[in-house]
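The following explanation leads the reader through a structure and the way its parts meet. Please keep the sequence and the model at hand while reading.

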Amino acid sequence: MVHSPEQDAIDLRLVERCQRGHADAFRELVDRYQARIFNMAYRMLHNREEAEDITQEAFLNVFRAIDSFKGDRFSPWIYKIASNLCLDHLRRRRLPTVSLDAPVNADMDVAREIADNTSLPEEEALSEALGIDIQRAIDSLPERYRVVTVLRHIEDLSYEEIAEVLGIPLGTVKTRLFRAREMLRERLSDSL
Amino acid sequence: MECAEVYNWLQAYLDGGVTAEQERAVEAHIRACPRCRRRLVELARAVNALERSEDLSPRPEFTRRLYELLERETGRPPGPKRKGRAPGG
């Protein structure tokens, strides 16, 4: 488990150093969290560029607000900022912005996937293809189920941490996760 | 125990979130019921597929771009150290 009390203490020390004006401490926070936040955003959005944009925005928001941070754990705070950005982004994606010559619906997903893969090195595209079933299954989940699933099974957060990050009751976390896993089971039962 | 009752417990069983008594009841049921056994195996496989999925990192230029933006925010470099470490590595 990456979110141990020892790791929390290191985070807090770095936050305090940031608050005292040691800018290099923020670099260490970026080093510690950028892969995790990017990975979460990628699994939520299934788009590399958008995931990088969200990760960047999350760190800029953290940087701007770090002087006012008074919590006792940094990790739920950055996950809260990043997951809210992902959910806002997904909501915006649903707005009708498609131009006349753009492909629609399923074609759009395929086009985006091809665009993603062609920008990657060949070997990475291959490993991406191997994981495509699970990513497509994640994509198929309603957003409120998707975020719980990604935080639990990709980011390894506990139920309690997810409740804190999303600001929802523990029972709701469990209900959403159980429903999400049932949906994934149905979707994956033919391919696993 | 009925299948419908087990249905509600399988998820908690997967997470170790049932009592010892419930655990014994679930296990007795799934030994005798191929349908519920299959469902439990499929659930466990779905969870494994999620947890085995590859960890991805941002592209190498990502960190450099982020620090350029932070420099613009503060008007100074984000730190004296320039280790040149690969992002996410």
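**Cysteines and the interface of two chains**

In this predicted model, the cysteine sulfur closest to that of Cys3(B) belongs to Cys33(B), at 3.8 Å, which is too far for a bond. A disulfide is a covalent bond between the sulfur atoms of two cysteines. Because a pair counts as a disulfide only with its sulfur atoms within 2.5 Å, the sulfur atoms of Cys3(B) and Cys33(B), at 3.8 Å, do not qualify. A search of the whole structure, over all chains, finds 0 disulfides. As for surroundings, Cys3(B) is partly exposed, with a relative accessibility of 28%, whereas Cys86(A) is buried, at a relative accessible area of 0%.

The next topic is the interface. Here 40 residues of chain A are in contact with 42 residues of chain B. The size of an interface is often given as the accessible area lost when the parts come together. Between chain A and chain B the buried area is about 4000 Å², and carbon and sulfur atoms give 55% of it.

Charged and polar groups also meet across this interface. The rule finds 6 salt bridges between chain A and chain B; in a salt bridge between Arg64(A) and Glu73(B), the side chains come to 2.5 Å, N to O. In addition, 15 residue pairs are in polar contact across the interface. On the side of chain A that touches chain B, the elements giving two or more residues include helix 3 (48-65), helix 8 (143-154) and helix 10 (170-188). Helix 2 of chain A gives the most, with 13 residues. The residues of this side of chain A comprise 17 nonpolar, 10 polar and 13 charged ones.

Methods:
Residues are numbered from 1 along each chain as its sequence is written. Chains are lettered from A and ligands numbered from 1 in the order in which they are written. This is a predicted model: local features need pLDDT of at least 70, side-chain atom pairs count only at pLDDT 80 or more; totals for chains, interfaces and linings use all residues. Side-chain values use heavy atoms; hydrogens and water are left out. Contact means heavy atoms within 4.5 Å. Buried area is the accessible area (1.4 Å probe) that two parts lose on being put together, summed over both. A salt bridge is a side-chain nitrogen of Lys or Arg within 4 Å of a carboxyl oxygen of Asp or Glu. A polar contact is a pair of N or O atoms within 3.5 Å; within protein, one must be able to donate a hydrogen and the other to accept it, and residues adjacent in sequence count only if both atoms are side-chain atoms. Helices (H or I, at least four residues) and strands (E, at least two) are DSSP runs, numbered from the N terminus. Ala, Val, Leu, Ile, Met, Phe, Trp, Tyr, Cys and Pro count as nonpolar, Asp, Glu, Lys and Arg as charged, and the others, Gly among them, as polar. Buried means under 20% relative accessible area, exposed over 50%, partly exposed in between (1.4 Å probe, protein chains only).
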